[in-house]
Amino acid sequence: MYSKEVMEHFMHPRNVGIIEDADGVGEVGNIVCGDVMWIYIKVGENEKGEKIIKDIKFKTFGCVAAIASSSKITELAKGKTIEEALKITKEDIAKELGGLPPVKMHCSLLATDALKEAIYDYLKKNNLPIPEDLQKEHERIEKEKKFVEEKFKEFVEKQKEMAKQKTNKE
Ligand code: FES
């Protein structure tokens, strides 16, 4: 089911961990599958004075494809300018991983979302201009998060309700 490259990144993920004094942190999750991902970035400058991703680390509680995708995106983003890093797509990740099964494409989307959120966090904290596209993406991610939390809340309340009914009958 998985390519050799996916298995290689799953078995030996690159840049795993936390950056304690990160300049930006992105946290995303997919409640449907339950996978959660964090990306930490440290921002520096290249010789042209452009802002670059100097260091990047990730932490993922997730499936094989999610771990391989987060490992791959850290490799792809390291050393890139903020603008270049924002252009990394889920298709780029899948291609670099030697392909991902269609049902696993959302795992690579989780990785691009986590990186976007980390960059958004960095720009916001430093009062830097946020590109319009990134602002829209952030709003989409936030909306999805809220939607999922709402859905989850209802589910939890329903479960409680059912438990209560059951106890009342007993
Ligand atoms: S199954 Fe959800 S991120 Fe992979």
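This passage walks through a three-stranded sheet and two helices of a predicted model.

A good place to begin is the sheet. Three strands make up an open sheet, arranged in the order β1-β2-β3, and their pairing is antiparallel. At the edges stand β1 and β3, each with a single partner strand, so one side of each is left without a neighbour in the sheet. From one strand to the next, the twist averages 20°. As a general reminder, the strands of a sheet pair through backbone hydrogen bonds, in either a parallel or an antiparallel sense.

The two pairings can be followed in turn. Strand β1 covers residues 24-30 and strand β2 covers residues 35-45; the two run antiparallel and are joined by 7 bridges. Within this pair, Val25 has Tyr40 of β2 standing opposite. The hairpin of β1 and β2 has 4 residues between the strands, and Gly34 adopts a positive phi near 85° there.

On the other side of the hairpin series comes strand β3, residues 51-61, which pairs with β2 in the antiparallel sense over 10 bridges. Two partnerships help the reader find the register: Ile39 has Phe58 in β3 as its bridge partner, while Met37 is bridged to Thr60 in β3. Between β2 and β3 the hairpin has 5 residues, and here Gly49 takes a positive phi near 85°.

Two helices accompany the sheet. Helix α2 lies across β2 and β3, and its direction makes an angle of about 170° with β3. Helix α5, in turn, lies across β1 and β2, running at about 150° to β1.

The helices also pack with each other. Helix α2 spans residues 64-77 and helix α5 spans residues 105-125; their axes are 8 Å apart and meet at an angle of about 40°. The two helices are therefore oblique to each other, and α2 passes α5 in a right-handed crossing. Which residues of α2 and α5 meet? From α2 come Ala65, Ala66, Ser69, Ser70, Ile73 and Ala77, and from α5 come Cys107, Ser108, Leu110, Ala111, Thr112 and Leu115. Sorted by class, this contact of α2 with α5 holds 8 nonpolar and 4 polar residues, with no charged ones.

Taken together, the predicted model shows β2 paired with β1 and with β3, α2 lying across β2 and β3, and α5 lying across β1 and β2.

How values were computed
Residues are numbered from 1 along each chain as its sequence is written. This is a predicted model: local features need pLDDT of at least 70, side-chain atom pairs count only at pLDDT 80 or more; totals for chains, interfaces and linings use all residues. Axes are lines fitted to C-alpha atoms, for helices over the stretch in contact, and angles run from 0 to 180 degrees between N-to-C directions. Angles under 35 degrees count as roughly parallel, over 145 as roughly antiparallel, 65 to 115 as roughly perpendicular and the rest as oblique. A crossing is left-handed if the near helix is turned anticlockwise from the far one by less than a right angle, and right-handed if clockwise. Two residues are in contact if their C-beta atoms, placed from the backbone, lie within 7 Å. Ala, Val, Leu, Ile, Met, Phe, Trp, Tyr, Cys and Pro count as nonpolar, Asp, Glu, Lys and Arg as charged, and the others, Gly among them, as polar. Two strands pair if DSSP finds at least two bridges between them.
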